[in-house]
Amino acid sequence: MSQVERGIMLRLVERARRRSAWLFHLNAGSCNGCDIELVACLTPRYDVEQVGIKLEGSPRHADVLCVTGPITRTTREALETIYAQVPDPKVVVAIGSCGATCNVFAGSPVIEGPLDHIVPVDVYVPGCPPRPHSIIDGIARAIGLLAERREAGAEVNR
Amino acid sequence: MTLLHSLIALLVFPGVLYALPMGWLMLGTERKTRARLQGRIGPPLTQPFWDLVKLLAKSPAARTVSDAPLLTSLPLLAAASMLGVLAMLPVFGGDRGFAGDLILVIGLLEMPPLCLVLAGYASRSIYGEVGATREAVLMIASNVPFLAAVVAMATAADSFRVATIAAATPWVVRVPALLTVVLCLPVKLRLNPFSLANAEQELLAGPLTEFDGPRLGLWELAHSLEWVGLTGFVAVLAWPSPSHAAAVNGIAFVTISLLLVIFVTVIASATARIKIKQATRLLGTWVTALAGIALVAAILARKGGL
């Protein structure tokens, strides 16, 4: 492929990544507050499917891994497995204050979080729970990062 | 000329050049219509194209247990058989070689669900296995009325050529037979109320749970071709083509296909997923009864009674 063709292909892929982000939602010990707000984004009021975002049932189909909750001891292994199953390029969004700081659960012996101790986090969406607006904003920022990861698998994993 | 015609049918219309954009348009129409019916704006019609580009550009994650050549060849086989169906649909009437042979077309139409069942088992995921089992059960349940209806049309027209069947079947047989085939479409396209195999959020993604990146993209491609192939098959059977000009036949083929897409989408949006027992019972009684009416009408029509 010539340089020009390569450039066109890369732009096409970048555009596709901006327009079609599939989410996988993982509840890692969340109280369900953030989960409800995330699902609210799919309803007629917020309708994120307009920009191609949809919730997928399998982590292998996903581009964006949305994690809610402070990561309990029992969900840590599931989180690591699921993170490995999401194909590159991928981004991780920590939804809610729990993922960022463990929130009110900080210091508990059964909590292994916050999320960035276990997997690299790209975007934090704080709030307890965050409003759907801020979740959509966080996912939009995550999609921007996803599109900029031009070469699949080129990003440095921490 | 036969070779040239076959190549054009395979590569241009109703083959690759028509089927790929049409498949994306059909999937896009389905998502858009469903969103509008749910009071949402919904994704643009080009969404399936961007989904495919994105999936093809992803790099699959490492797997511990996998049979890579098998998992790649199954969606390819599914897509290839649907292209075969499309190449053999006699949109403009006329018989060339084995183009338009009913048995071959039906056989190829059955390939994608079979590949999906194999893929579900080969991926060694518990969700894949449950989805594959459901798909297999529904395949058998829906094929009883589907094949009975097609046989009724073939009996009435006294031919196994799709073009002859489309031209010669009397309407008294054609209406119940086509109604049966259309009622089987949601099963074959895995839509509500028969979306049991890929039951999203219930079985993760059914047989496709373990597929990622380019392989999932190939499945999406095969699925879009399934839409074009199945609606095209019904469109050809519904439209008695030889009596019209080629352009009229082409436009009728595309229009009937798109109307069918909207029809099955409306049904899918208006219904909820039913249980496998209910689905098999529904297909085994009411839809099969409808196919039975078509069969009886066909036998009577053949004896000159109707």
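Good morning. Before turning to the structure, one term is needed: two residues are in contact when heavy atoms of theirs lie within 4.5 Å. The model I am presenting is a predicted one.

I begin with a pair of helices in chain A. Helix α2(A) covers residues 33–40, and helix α5(A) covers residues 132–148. Which residues do they bring together? From α2(A) come Cys34(A), Glu37(A), Leu38(A) and Ala40(A), and they meet Pro132(A), Ile135(A) and Ile139(A) of α5(A). Sorted by character, the residues of this contact comprise 6 nonpolar, no polar and 1 charged.

Two packed helices are described by the angle between their axes and by the distance between those axes. Here the axes come within 9 Å and cross at roughly 75°. Angles of 65 to 115 degrees count as roughly perpendicular, and α2(A) and α5(A) are therefore roughly perpendicular to each other.

Let us move to chain B. How many helices and strands does chain B have? There are 12 helices and 0 strands. The C-alpha atoms of chain B occupy a box of roughly 65 × 45 × 40 Å along the principal axes. The radius of gyration of chain B is 19 Å, close to the 19 Å that the globule rule gives for 306 residues, so chain B is as compact as a globular protein of that length. Of the 306 residues, 55% count as buried. Among the contacts in chain B with a separation of 6 or more, 79% join residues 24 or more positions apart.

Next, the interior. The largest nonpolar core has 78 residues, and those touching the most other members include Leu89(B), Trp219(B) and Phe146(B). Helix α10 of chain B, residues 213–238, gives the most to this core, with 13 residues. A second, separate core of 20 residues includes Leu23(A), Leu38(A), Cys66(A) and Val93(A). Leu38(A) is thus a residue we have already met, in the contact of α2(A) with α5(A).

Phe146(B) deserves a closer look. Leaving out residues up to four places away in sequence, Phe146(B) touches Ile106(B), Leu109(B), Glu110(B), Val181(B), Cys184(B), Lys188(B) and Phe233(B).

Finally, I turn to Gly217(B), which has its place in helix α10 of chain B. Is Gly217(B) buried or exposed? Its relative accessible area is 1%; buried means under 20%, so Gly217(B) is buried. Apart from neighbours within four places in sequence, Gly217(B) is in contact with Leu52(B) and Leu55(B). Gly217(B) and Ala57(B) are 160 residues apart in sequence, while their C-alpha atoms are 9.4 Å apart in space.

Thank you for your attention.

Technical notes: Residues numbered from 1 in each chain as written. Chains lettered and ligands numbered in written order. Predicted model: local features only at pLDDT ≥ 70, side-chain atom pairs only at ≥ 80, totals over all residues. Heavy atoms only, no water. Axes fitted to C-alpha atoms, helices over the stretch in contact; angles between N-to-C directions. Helix = DSSP H or I, 4+ residues; strand = E, 2+ residues; numbered from the N terminus. Parallel < 35°, antiparallel > 145°, perpendicular 65-115°, else oblique. Nonpolar A, V, L, I, M, F, W, Y, C, P; charged D, E, K, R; others polar. Core = buried A, V, L, I, M, F, W, Y, C linked by side-chain atoms within 4.5 Å. Buried < 20%, exposed > 50% of the residue type's maximum accessible area, 1.4 Å probe, protein only. Rg over C-alpha atoms; globule rule 2.2 N^0.38 Å.
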